[in-house]
Amino acid sequence: MPKTQYVYIMESAGRFKVGVSIHPEKRAKQLKTGSATPIKVMFKAECSAGVSAFAAEAMIHKVLKEMGHHVSGEWFDMTDDMVVELAGVMMRTLEQPARSSTTSTSSTSSNSSTSSTSSTSSTSSMSVAEL
């Protein structure tokens with residue numbers, strides 16, 4: 001039986017990392033070893049059967065790069081609103097709604113956007129909600 005994979009969003013010093021791991025919290029501890037600032041898992045979405053975590057991660061990276069938010073590697077500059085929107089998209093498209101996992105302590109309200117997630121092409125004008 002394959003291990004459950006998560007697409008996660010981590011935060012460190014105001015920058016956000018989007019990646020894949022079967023243990024996001026352990027991955028954060030590994031990354032902390034080489035970092036002078038704390039790294040925390042802000043959000044993780046369990047990928048349901050038939051969903052490729054790596055394909056989802058690659059699409060998210062591509063869109064964020066095209067939008068001009070790329071910093072280095074898997075790290076991006078995003079506003080808090082963008083992170084909340086991205087987490088909402090990840091919940092709707094990667095996992096069963098009852099399995100969402102957040103570790104953020106903010107009291108931000110959930111995104112009520114009902115935009116389509118069926119876009120098949122990526123352009124520089126694409127928003128995070130169109131992933």
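Two residues are in contact here when heavy atoms of theirs lie within 4.5 Å. Keep that in mind as we walk through this structure, which is a predicted model.

Let's start with one residue, S12, which is found in strand β1, spanning residues 6-12. If we set aside the neighbours within four places in sequence, S12 is in contact with S35, T37, P38, I39 and W75. With one of these residues, T37, there is also a polar contact from side chain to side chain, at 2.6 Å. S12 counts as buried because its relative accessible area is 7%, and the cut-off for that word is under 20%.

Now step back to see the whole chain. The protein chain holds three helices and six strands, and from the N terminus on they follow the order β-β-α-β-α-β-β-α-β. Of its 131 residues, 36% count as buried. Contacts across the sequence are worth a look too: among those with a separation of 6 or more, 64% join residues 24 or more positions apart.

Helix α1, residues 24-33, is a good next stop. Within this helix, P24, A28 and L31 are buried. Looking down the axis of α1, you would find its buried residues within an arc of 65°, so they line one face of the helix. K26, K29, Q30 and T33, on the other side of α1, are exposed. What do the buried residues of α1 pack against? Their partners are strands β1, β2 (15-21) and β3 (40-46).

From here we can move to the nonpolar interior. The largest nonpolar core has 20 residues, and V7, V18, L64, M78, L86 and M90 are those with the most contacts inside it. At least two residues of this core come from each of β1, β2, β3, α2 (53-66) and α3 (80-94). The element that gives the most is α3, with six residues. For a look at one member, take M78: leaving aside neighbours within four places in sequence, M78 is in contact with F16, V18, L64, V83 and L86. Apart from this core lies another, of six residues, including M10, L31, I39 and V41. Two of these names may ring a bell: L31 is one of the buried residues of α1, and I39 is among the contacts of S12.

Finally, a word on rings. A search of the whole structure finds zero aromatic pairs. The ring of Y6 does have a charge over it, though: the charged end of K44 sits there, 5.1 Å from the ring's centre.

How values were computed. Residues are numbered from 1 along each chain as its sequence is written. This is a predicted model: local features need pLDDT of at least 70, side-chain atom pairs count only at pLDDT 80 or more; totals for chains, interfaces and linings use all residues. Side-chain values use heavy atoms; hydrogens and water are left out. Helices (H or I, at least four residues) and strands (E, at least two) are DSSP runs, numbered from the N terminus. Buried means under 20% relative accessible area, exposed over 50%, partly exposed in between (1.4 Å probe, protein chains only). A polar contact is a pair of N or O atoms within 3.5 Å; within protein, one must be able to donate a hydrogen and the other to accept it, and residues adjacent in sequence count only if both atoms are side-chain atoms. The arc is that of the directions from the helix axis to the C-beta atoms. A nonpolar core is a set of buried Ala, Val, Leu, Ile, Met, Phe, Trp, Tyr and Cys residues joined through side-chain atoms within 4.5 Å. Rings of Phe, Tyr and Trp (its six-membered ring) pair if their centres lie within 6.5 Å; planes under 30 degrees apart count as stacked, over 60 as edge-to-face and the rest as tilted. A charge sits over a ring if NZ of Lys or CZ of Arg is within 6 Å of the ring centre and within 35 degrees of the ring normal.
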